[in-house]
Amino acid sequence: QTAMQAARVLITRKMFGLPRVADFADALRDCKRASGLELDEGQAFNLAVKAVQRFGYMDKSGALDWLKGISPRLSNAVDVFGYDYLCKASVTDAHSTRAQFGKVFLAANERAQVAEVIKPSVSNLVSNVVKQLGEKTNA
């Protein structure tokens with residue numbers, strides 16, 4: 001499964017010519033880093049910077065697709081934080097940008113975890129209410 005995810009990531013990368021074994025190994029390493037384990041904010045920031053370096057300022061959608069192949073939460077956090085801001089951040093602001101991105105990434109992760117917990121319970125509640133309303137109208 002991780003190899004297929006790495007292949008999808010490799011396909012979305014903009015390259016000249018055929019991918020090399022090293023490119024596939026790089027994609028596989030990126031996917032293994034995210035699979036099964038939650039990224040911490042430092043790893044997430046490094047991947048976001050890697051996407052900026054790889055895709056540049058003009059290919060925001062390509063970068064977000066590449067990040068989504070690694071982790072949908074990471075892609076969402078980069079989009080919320082601002083891909084343009086990451087592109088324009090200077091080297092002198094790296095520490096503050098990393099800290100700000102870390103806060104955004106942790107907040108996005110927390111929201112996603114809460115949504116995963118709440119979504120099934122809310123859907124169960126809605127289906128129960130619909131059943132009860134259906135029983136009352138039929139009675």
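Which residues are buried in helix H5? Let's start there, and keep in mind that what you see is a predicted model. Helix H5 covers residues 72-81, and the buried ones are Arg73, Leu74, Ser75, Ala77, Val78 and Phe81. Right after H5 comes Gly82, with a positive phi of about 115°.

Okay, let me step back for the overall picture. The protein has 7 helices and 0 strands. If you walk along from the N terminus, the order reads α-α-α-α-α-α-α. There are 139 residues, and 30% of them count as buried.

Now have a look at helix H3, residues 41-55. H3 has 15 residues and reaches 21 Å from its first C-alpha to its last, close to the 21 Å you'd expect at 1.5 Å a residue. So which residues of H3 are buried? They are Ala44, Phe45, Leu47, Ala48, Ala51, Val52 and Phe55. Look down the axis of H3 and those buried residues fall within an arc of 165°, so they line one face of the helix. H3 is followed by a glycine too: Gly56, whose phi is positive, near 75°.

On to the aromatics. A pair of aromatic rings is described by the distance of the centres and the angle of the planes. Here we count 5 aromatic pairs. One of them is Phe55 with Trp66, and the pair is tilted: 6.1 Å centre to centre, with 50° between the planes. What does this pair link? Distant parts of the chain: Phe55 sits in helix H3 and Trp66 in helix H4, residues 60-70, with the two 11 residues apart. Phe55 and Trp66 are both buried.

Then there's Phe101 with Phe105. This aromatic pair is stacked, at 6.3 Å centre to centre and 15° between the planes. Both residues belong to helix H7, which runs from 94 to 138, and because they are 4 residues apart there, about one helical turn separates them. Buried or exposed, these two? Phe101 is buried, and Phe105 is as well. These two also join Phe45, Phe81 and Tyr85 in one aromatic cluster. You've met two of those names already: Phe45 is one of the buried residues of H3, and Phe81 is one of the buried residues of H5.

Next, the pockets. The largest pocket has a volume of about 220 Å³. Its lining is made by 13 residues, and Phe45, Val49, Leu86, Ala89 and Ser90 lie nearest the centre. Which elements give two or more residues to that lining? H3, helix H6 (83-88) and H7. H3 gives the most, with 5 residues. As for the character of the lining, we get 8 nonpolar residues, 4 polar and 1 charged.

One last stop, back on helix H7, where you can find Ala107. Ala107 has 31% relative accessibility, so Ala107 counts as partly exposed. How far apart are Ala107 and Ala77 in sequence and in space? They are 30 residues apart in sequence and 8.6 Å apart in space, going C-alpha to C-alpha. And Ala77, remember, is one of the buried residues of H5, which is the helix we opened with.

Key:
Residues numbered from 1 in each chain as written. Predicted model: local features only at pLDDT ≥ 70, side-chain atom pairs only at ≥ 80, totals over all residues. Heavy atoms only, no water. Expected span 1.5 Å × (residues − 1). Buried < 20%, exposed > 50% of the residue type's maximum accessible area, 1.4 Å probe, protein only. Arc of directions from axis to C-beta. Phe/Tyr/Trp six-rings, centres within 6.5 Å; stacked < 30°, edge-to-face > 60°. 1 Å grid on protein atoms, 1.4 Å probe; cavity = no way out; pocket = protein on both sides within 12 Å on 5 of 7 lines; lining within 4 Å. Points joined across faces, edges and corners; volume = space filled by probe spheres on them. Nonpolar A, V, L, I, M, F, W, Y, C, P; charged D, E, K, R; others polar.
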